[in-house]
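Hi,

Here is the structure I promised to pass on. Have a look at it first, and my notes on what turned up follow below.

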Amino acid sequence: MRGSSDVDRGVPVPVDGTLIANPERAMERDRGASAAGARRRRVARIALVCVSCGSLALSLRVPHLSESLWLDELHTAWVATGPFDQIARRAALGNQAPVYFVAEWLIARAATPSETTLRIASLVLGVALIAVTGFLAYHATRSTAWGFLAACAGAIDSHWVFYSVEARPYAAVQFLGLLHGALFVRQMRGGAGWAPRAAHVITGGLMFWFHYTASLLLAAEGVAALVLLVRSRRSRAIAASVVGQLILIGAIGSPALPHLAAIASRAPAWSELGAPGSPWKILDMLHGGAYAIPLLVIFVWDSILRQLRLTNEGDSVRDARRSNWAALSVWIAPPVLAWLVARHAGVPIFMNRYVAAASAAPILLAARLAGQLDSALPRRIAVIAFACSTLYVNHVRLFQWNETPAPPRTEDWRAMIHHLNRMRGEERRAYPILVRAGLIETDAPEGWARDTDESNAYLTFPLRSIYPLEPPADPIPIGNASDFTLPPAELALVAEAGGAWLVVRGPPRRGTDYAARLAELLGEPWRTVAHHVHGTVQLLRVEPINGEPVSVRVETATGVRTEARPSHRTRIRADGRPSARRRSWLRTSRRPSVRRASR
């Protein structure tokens with residue numbers, strides 16, 4: 001319109017009033033500068049989230065790297081310090097897949113085997129798991145706040161902390177399970193190319209060969225795909241593609257079938273681990289219920305409100321619903337399958353570590369649902385609910401574990417073996433060493449060859465790994481039951497040596513019972529000269545009584561030392577067992593020391 005100014009027509013006018021020759025290019029330049037500024041601010045926020053969550057994660061994990069290895073980790077050390085051609089066999093003796101132990105073997109050759117070097121792979125993968133979880137949550141919501149919340153939840157989660165400082169394959173299974181589950185959800189949304197499908201097969205095969213229980217996640221994906229294959233005509237092509245990929249992953253894992261059959265044949269020996277309990281425990285597995293249920297409630301509420309306003313559903317809504325079903329299956333189906341197997345097949349796999357492949361699924365499900373909320377109020381409520389539930393469930397764990405971010409390791413094998421070596425050197429008592437490690441194979445279940453060099457080496461691996469006996473010795477495994485027996489040759493060896501060292505894994509009372517049982521087998525009055533408690537690992541020295549007064553000494557890993565009073569001398573009954581008076585004194589005087597040592 002004539003008479004209108006350049007500002008009214010949208011033409012940029014500089015401050016000095018001169019006209020710009022190409023106003024469209026100037027406006028494009030301004031938009032580019034604005035977009036670049038927004039990208040810089042977004043990158044800065046993401047960097048701040050990464051640094052803060054990474055610092056939090058490392059501060060909770062690094063102090064635990066140098067702790068003593070516990071029984072399962074000592075199996076890792078025994079495999080990693082052995083010859084390369086024995087890796088698969090030694091891993092199979094412990095019911096494990098071999099790939100993780102090959103990695104640990106390489107690390108043990110690159111650096112001196114120690115607690116830190118054996119756990120460093122789990123630490124790296126545990127921190128990477130947190131970063132990828134935060135990134136996927138940000139990708140699902142386009143919200144830096146949700147990326148930060150998801151990463152923080154992984155950083156402080158007690159199970160994630162423990163697996164990332166444990167020399168076992170569960171941190172690797174968590175990481176691969178996260179990638180594999182995310183690729184599965186991506187495919188179920190539709191439009192996935194060949195690259196996500198190939199990556200889905202590769203991560204699935206690797207995950208299985210890191211730990212066989214990762215097959216629970218593969219089975220969960222199969223169930224979800226089959227449900228869609230039957231019920232949804234529009235999703236049949238996608239579901240059929242996923243089923244084909246799972247069949248290919250099964251072919252990759254088929255060489256492990258004989259080993260899996262051997263493991264299943266020993267399932268009755270694990271009955272002492274107990275029944276899985278109530279199915280409501282499924283929601284408590286890996287804190288999944290605390291992370292996902294609040295968001296499920298909010299999402300259902302928001303969906304009902306949305307249905308009241310809308311009548312038509314587009315393809316995008318159906319695709320989102322299909323991917324939500326996939327994400328829900330990845331979270332809830334593995335623990336459900338584990339509970340069913342433990343309940344009806346008697347195989348005790350209903351444990352947090354055996355569903356570790358799905359540990360990130362409830363966090364990412366919560367993020368996905370939050371990203372699909374329709375209005376601002378439900379989004380704010382979702383952020384508050386997720387943050388509160390995360391802080392609550394992990395605060396409860398911290399309170400239960402005496403303000404530590406992970407359950408304390410109560411087995412101090414390092415201190416016990418150091419103590420044994422010192423006593424053998426100082427007191428010059430080359431007694432046989434009897435070991436009760438608590439392994440189910442000790443009682444020779446079906447399919448287990450006992451009394452071979454290989455089996456005896458496995459049953460005594462806690463004394464053959466990175467904490468060696470000095471001078472070297474061949475420990476003798478003993479049964480798990482308190483009424484264990486020993487072959488005549490081994491009994492004669494103990495009698496000729498004039499004493500024995502007992503290494504017992506379990507509560508303090510168990511060590512006393514084992515010493516009494518050994519005296520009963522030898523058929524003469526024996527005494528416990530010393531009983532050293534290192535958490536839930538005990539060292540006892542047992543010798544025959546020669547008419548001398550007995551003073552029982554109890555020591556703990558913290559250096560607390562308690563001497564028996566003269567009035568509490570050991571009394572031996574006619575059957576060779578300690579009297580009830582001695583047992584009572586041990587029970588009352590040692591309990592406070594064990595509590596202090598376990599903190």
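A salt bridge, as I use the term here, is a side-chain nitrogen of Lys or Arg within 4 Å of a carboxyl oxygen of Asp or Glu. Please keep in mind that this is a predicted model. With that cut-off, Arg517 and Glu520 qualify, since their side chains meet at 3.4 Å, N to O. Both residues sit in helix 20 (residues 508-522), where they are three residues apart, about one turn of the helix. The two partners differ in how covered they are: Arg517 is buried, because its relative accessible area is 12% and buried means under 20%. Glu520 comes out at 33%, so it counts as partly exposed.

Now for the other salt bridges. How many does the structure hold? The count is ten. One of them pairs the side chains of Glu115 and Arg414, with 3.0 Å from N to O. This pair ties together distant parts of the chain, as Glu115 belongs to helix 5 (residues 115-141) and Arg414 to helix 17 (residues 413-427), 299 residues apart. Glu115 counts as buried because its relative accessibility is 11%, while Arg414, at 34%, counts as partly exposed.

Another salt bridge joins the side chains of Glu543 and Arg527 at 3.7 Å, N to O. Here the link runs between strand 5 (residues 537-544), which holds Glu543, and strand 4 (residues 526-534), which holds Arg527; the two residues are 16 apart. Both Glu543 and Arg527 are buried. They also belong to a network of salt bridges that takes in Arg541.

On to the overall picture. The protein has 599 residues, and buried ones make up 49% of them. Its secondary structure comes to 21 helices and seven strands. Among contacts between residues at least 6 apart in sequence, 74% join residues that are at least 24 apart. The exposed area is about 28,100 Å², with carbon and sulfur atoms supplying 60% of it.

Then there is the interior. In soluble globular proteins, nonpolar side chains tend to be buried together. In this model, the largest nonpolar core has 122 residues, and Phe386 and Trp413 touch the most other members. Helix 8 (residues 170-189) gives this core its largest share, nine residues. Which residues does Phe386 contact, leaving aside its neighbours within four places in sequence? They are Trp146, Leu149, Ala150, Ala153, Tyr291, Leu295, Ile363 and Ala366. A second, separate core of 18 residues includes Leu486, Val504, Ala515 and Leu518.

Finally, the surface has a nonpolar patch that you may like to look at. Trp301, Leu305, Leu377 and Ile381 form it, and together they have about 340 Å² of accessible area. Helix 13 (288-309) and helix 16 (376-400) each supply at least two residues of this patch. Leu305 lies in helix 13. Is Leu305 buried or partly exposed? Leu305 is partly exposed, because its relative accessibility is 31%.

Happy to go through any of this with you.

Best wishes

Terms used. Residues numbered from 1 in each chain as written. Predicted model: local features only at pLDDT ≥ 70, side-chain atom pairs only at ≥ 80, totals over all residues. Heavy atoms only, no water. Patch = residues over 30% accessible without salt bridge, like charges linked within 9 Å, V, L, I, M, F, W, Y side chains within 5 Å. Areas by Shrake-Rupley, 256 points an atom, 1.4 Å probe, with all protein chains shown as cover. Helix = DSSP H or I, 4+ residues; strand = E, 2+ residues; numbered from the N terminus. Buried < 20%, exposed > 50% of the residue type's maximum accessible area, 1.4 Å probe, protein only. Contact = heavy atoms within 4.5 Å. Core = buried A, V, L, I, M, F, W, Y, C linked by side-chain atoms within 4.5 Å.
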